[in-house]
Amino acid sequence: MGLWLLCLPAFAAVISGTLAQDTQWRAADGPFQLRGEVRIPAGVKLEIEAGSVILMEAGASLLVNGGQVKALGSADALIQVKSVRDAEGQAGDWRHWLFSNGAQAQLQHVQFRHGEGLQLQASSLQIDFIEILDMAGAALEQDLASSSYGAGNRAERNRSNAILLPAGEIHTQARWGVQGIPYLLASGEISVGAAPLAGSLHPASLVAGETIQSVLRGSRLQGLGALQFGPGVSARLLEQRSDTEALLEITADADSSGVFTLQAQTDAGAIRLAAALHVARIQPLLTGVQPGVAYLEQGVQNLQIEGRNFQAGSVLMLDGQALLTSVESGVLARAELPTPTQAGKRKLSLRTPDLQNPGQFLDSNQLDFTVLVPRIAPELEQARIPAGMPQTLLLRLPFRAPADGLRFSVQSSAPQVLRVAESVTFAAGEQEKSITLDGLTPGDAILRLSRNAWTELAVPVKVTLPPYQLAYGPAISPVLGVKVGDDTAVVRQIGPVRSASVGVLIGPAIEQVSKQALSVGAEAELVLSGQGLQAMQTLQLQPAEGLTLGALQISPDGKQARLRVQVAASAQRGLRRWQALDAAGQPVLFVRAQDEMLLIADGSPVLESVAPQVLERGKSARLILRGRHFSPSAQVSILPAQGVHVAGGQVSPDGQEIVLDVQVAHDAAEGERVAVVTSAEGDSGASPQPGNRFQITAGAVRIYSGIGSSVLGVQVGADIPAPKMYTAHANLGVVVGSAALSMAPAGMLKSSSGELLLQGVALQAWNGQAASLFPAADSGVTFGPAQVDSAGMQVRIPYQISNQAVDGSYALRLNNNAGQPLLFTAQAERILRVYAAPQIASLNPLTLQSGRIQTLELRGANLRYVQSLRFEDANGVEMPGIRLLDEPRWQDDAQGGKLVVSLQLQSGISGNGVRVRLLHPAGVDTQPANSANTITILNP
């Protein structure tokens with residue numbers, strides 16, 4: 001737009017639009033009447049002569065956008081800028097003169113009246129002897145990027161007779177030097193240079209009564225001091241690390257709680273961080289309970305509860321009912337569980353008195369507790385007995401019988417085939433009991449044991465023909481005292497004869513078998529001794545799966561038979577029965593019952609360590625034996641046995657540990673003893689070895705010197721210096737020989753493949769070996785050969801897992817060429833969880849607000865193993881300012897269950913499409929972002 005000058009009857013020159021070139025307004029050509037917005041762009045200069053009159057129409061303004069204005073009046077010839085209405089003008093008739101974007105102006109002896117005021121934005125203004133009168137706003141509004149100076153100025157009858165400044169920071173050079181008109185900051189503060197800023201505090205939460213160290217990050221934090229959070233929370237500076245970081249010590253009183261704002265001073269000014277700290281109430285937390293299950297009719301049971309923030313008066317609650325509780329420390333309590341009367345899932349929680357609100361309570365998180373329907377475990381799931389030869393069946397309870405004992409009704413489905421007692425009773429404290437099975441005639445029957453609240457036990461029993469049915473007579477043996485038939489005279493009476501081997505044997509019979517047990521994967525020759533064995537035509541083992549029998553070889557005199565037996569590595573463990581038949585299909589008798597059975601097992605026991613290594617005379621101790629192939633019936637003996645009494649003997653389910661109680665007599669001989677584990681497969685050997693021996697001493701254990709470990713805090717002997725103290729850690733210890741210290745990951749997903757990484761020491765012997773899982777049945781996991789690095793400190797094991805794998809927890813097994821298992825320093829490190837990939841189906845709520853503590857509920861598939869959550873923005877970058885206050889908790893409900901987690905959101909954060917990701921033992925979920933796993937965070 002060009003500049004237009006219109007000649008009006010009053011001889012005024014009307015000016016509007018943009019000045020396209022340098023312009024001069026002379027007094028003789030005026031007055032000059034400005035209409036609308038008159039613009040002076042960069043590169044254009046306007047000069048106004050002394051004595052000029054400039055009339056501003058309603059709403060008119062002069063916008064100097066990077067241009068220059070030079071208006072030099074004099075005391076005798078003022079330059080006047082006023083309303084077009086002149087004497088009738090009023091404040092606000094016209095808008096303003098605005099200088100912006102680097103504009104430069106020099107004004108002398110200029111009078112401004114009846115407008116809204118002058119404005120200065122990122123520009124420089126020199127004013128001398130100017131008058132600003134009757135303005136609707138401030139005389140002059142100036143931003144912090146502008147300069148203004150001059151002398152002899154005056155401002156009157158304006159809304160504000162001042163130069164108005166905003167709060168903020170000055171980042172460039174600026175000059176304030178106007179005399180006669182004051183500068184005014186209405187509110188806030190002005191900082192020369194960037195203001196100090198408190199950006200974040202981490203960690204930003206603690207429990208009432210705690211003291212933590214927290215890092216404050218921001219800018220211009222030098223000289224940090226005068227720290228304040230509010231009543232109940234105190235803080236002090238521990239270390240001024242830099243201009244952007246400081247270490248604070250924060251203490252919350254026991255009765256404090258809530259969200260607190262940090263206020264402090266720095267050399268550059270005051271700082272403030274809203275909602276900087278969250279102080280949580282002292283809330284009890286349950287982390288574990290032992291045992292985790294109970295049985296109906298088990299009787300009163302003692303529970304051990306572990307957690308945090310226990311205190312006097314804390315009570316364990318079972319489905320809201322209080323249990324008799326004894327608090328031993330802030331992390332340990334014990335409770336008495338009455339005899340359960342209803343099976344199913346139950347909920348345990350801890351209720352603690354609220355110290356801030358007498359008469360009220362704080363409830364902890366909930367733990368699952370299961371009450372099971374008990375079941376008797378028989379020694380054999382199915383039995384086979386000969387008619388007329390009663391045999392016993394061992395029964396075992398899942399717990400020791402309570403004080404009143406337990407009586408079970410016993411029935412035979414076919415009394416004419418199988419006869420049993422009407423009942424069996426377990427007295428108080430008993431856990432095992434034998435019942436007699438009396439086969440009357442060949443046939444099939446079901447043995448049933450029942451009791452209210454118990455799962456009925458049903459054992460199939462097959463009654464067979466007796467091994468022989470012969471009648472001879474008359475016959476007599478005076479040595480044995482045997483008489484058959486009334487007409488046989490007794491020649492002489494000798495006896496009684498005390499010998500288990502003395503008896504009457506008629507026809508072919510097997511008197512002894514050289515082995516009663518074979519190991520899987522083994523091959524051996526068995527020798528059967530007896531008489532009349534020429535009559536034996538066939539010799540078999542039942543069931544025959546996994547066994548290969550060679551040709552039967554019988555000596556000419558019929559006193560020995562030889563047979564090679566090969567046992568497959570996959571053969572099922574357990575008892576097999578010999579079946580020997582003559583040419584007529586009649587059974588050949590086994591004289592001894594134990595010779596009729598052959599046990600297929602893992603192998604002879606192998607004992608690798610005994611702990612403790614030293615026992616004192618006159619004291620009792622718990623002895624732990626570790627090794628391999630410990631069967632449930634394994635027995636432990638001590639050589640020499642004098643003075644050492646062994647009781648108990650609990651074998652672990654994986655057959656690798658036996659725990660027994662040992663009492664050493666006060667007069668027991670000092671010296672070395674050897675522990676021997678014996679089972680049907682053989683024994684661990686009586687020859688003293690490093691892994692099977694221990695010492696009996698009369699007093700203190702011998703002290704050795706010249707040993708030290710400063711990292712572990714161990715020093716034996718004054719000649720070993722301790723150069724430095726190290727922070728103790730639960731994973732520090734002494735490893736002798738080979739051991740695995742850790743394994744990652746701790747979980748494997750179905751339909752996946754990957755690699756396990758084991759870290760430890762001296763692992764070379766396991767290179768190329770195949771790993772397996774325990775229990776192995778239907779695990780669906782295939783492992784490749786182990787790959788050990790040259791240092792023997794890492795083992796990599798590739799794996800592949802099918803979709804048919806069974807969910808659950810498994811123990812990793814890895815044996816070397818000698819069959820020795822790789823030991824883990826912590827049993828938990830060898831546990832692998834197999835499960836399907838977790839997925840989110842819904843979130844509630846879908847919108848969270850910053851500056852608050854909120855609960856997020858997740859529903860979906862396979863969420864039980866989720867350990868933590870991660871929040872990512874739309875670009876996949878983890879969002880700061882979101883903190884989990886506890887671990888995700890699984891809660892069962894009518895909809896199948898949900899995952900619940902409490903979150904603390906820092907003030908000021910926001911985002912759309914924030915993705916919630918699941919962290920679990922196998923890694924992080926790969927579910928793409930969608931409406932089911934994204935939330936919105938609002939900053940109110």
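**Exercise 1. Place Gln111 in the fold and list its surroundings.**

Step 1. Gln111 belongs to strand β12, which covers residues 110-113. Strands here are DSSP runs of E of at least two residues, numbered from the N terminus. The model is a predicted one: local features need pLDDT of at least 70, side-chain atom pairs count only at pLDDT 80 or more, and totals for chains, interfaces and linings use all residues. Residues are numbered from 1 along each chain as its sequence is written, and side-chain values use heavy atoms, with hydrogens and water left out.

Step 2. The relative accessible area of Gln111 is 15%, so Gln111 is buried. The classes are buried under 20% relative accessible area, exposed over 50%, and partly exposed in between (1.4 Å probe, protein chains only).

Step 3. A polar contact of 2.7 Å joins the side chains of Gln111 and Glu131. Such a contact is a pair of N or O atoms within 3.5 Å; within protein, one must be able to donate a hydrogen and the other to accept it, and residues adjacent in sequence count only if both atoms are side-chain atoms.

Step 4. With residues up to four places away in sequence not counted, Gln111 touches Ile79, Gln80, Val81, Glu131 and Leu133. Contact means heavy atoms within 4.5 Å.

**Exercise 2. Which strands does the salt bridge between Glu245 and Arg217 link?**

Step 1. A salt bridge is a side-chain nitrogen of Lys or Arg within 4 Å of a carboxyl oxygen of Asp or Glu. Glu245 and Arg217 form one, with their closest N and O atoms 3.2 Å apart.

Step 2. Glu245 is in strand β29 and Arg217 in strand β26 (residues 211-219); the pair is 28 residues apart and links distant parts of the chain. Strand β29 comprises residues 245-252.

Step 3. Arg217 has a relative accessible area of 36% and is therefore partly exposed.

Step 4. Leaving aside neighbours within four places in sequence, Glu245 is in contact with Val215, Leu216, Arg217, Leu221 and Gln240. The C-alpha atoms of Glu245 and Gly218, 27 residues apart along the chain, are separated by 6.5 Å.

**Exercise 3. Describe two other salt-bridge pairs and one network, and give the count.**

Step 1. The count of salt bridges comes to 40.

Step 2. Glu37 pairs with Arg39 in a salt bridge whose closest N and O atoms are 2.5 Å apart. Glu37 is partly exposed at 31%, and Arg39 is partly exposed at 36%.

Step 3. Glu328 pairs with Arg334, the closest N and O atoms being 2.6 Å apart. Relative accessibility is 47% for Glu328, which counts as partly exposed; for Arg334, also partly exposed, the value is 35%.

Step 4. A network of salt bridges links Arg113, Glu131, Asp134, Arg154, Glu156 and Arg157. Glu131 also takes part in the polar contact with Gln111.

**Exercise 4. Locate the backbone features: cis peptide bonds at Pro31 and Pro203, and positive phi at His114 and Ala762.**

Step 1. Gly30 and Pro31 are joined by a cis peptide bond with omega about 5°. Pro31 sits in the loop between β3 (23-25) and β4 (32-41).

Step 2. Another cis peptide bond, with omega about -5°, joins His202 and Pro203. The loop holding Pro203 runs between β24 (197-202) and β25 (205-207).

Step 3. His114 is not a glycine, yet its phi is positive, near 70°. His114 lies in the loop between β12 and β13 (117-121) and is buried, because its relative accessibility is 4%.

Step 4. Ala762, likewise not a glycine, has a positive phi of about 50°. Ala762 is in the loop between β76 (752-761) and β77 (771-774) and is partly exposed at 35%.

**Exercise 5. How many residues has the largest nonpolar core, and which have the most contacts inside it?**

Step 1. A nonpolar core is a set of buried Ala, Val, Leu, Ile, Met, Phe, Trp, Tyr and Cys residues joined through side-chain atoms within 4.5 Å.

Step 2. The largest such core has 41 residues, and Trp97, Leu107 and Phe112 have the most contacts inside it. Strand β4 supplies the largest share of this core, 4 residues.

Step 3. Apart from this core lies another, of 28 residues, including Phe399, Val410, Val420 and Leu449.
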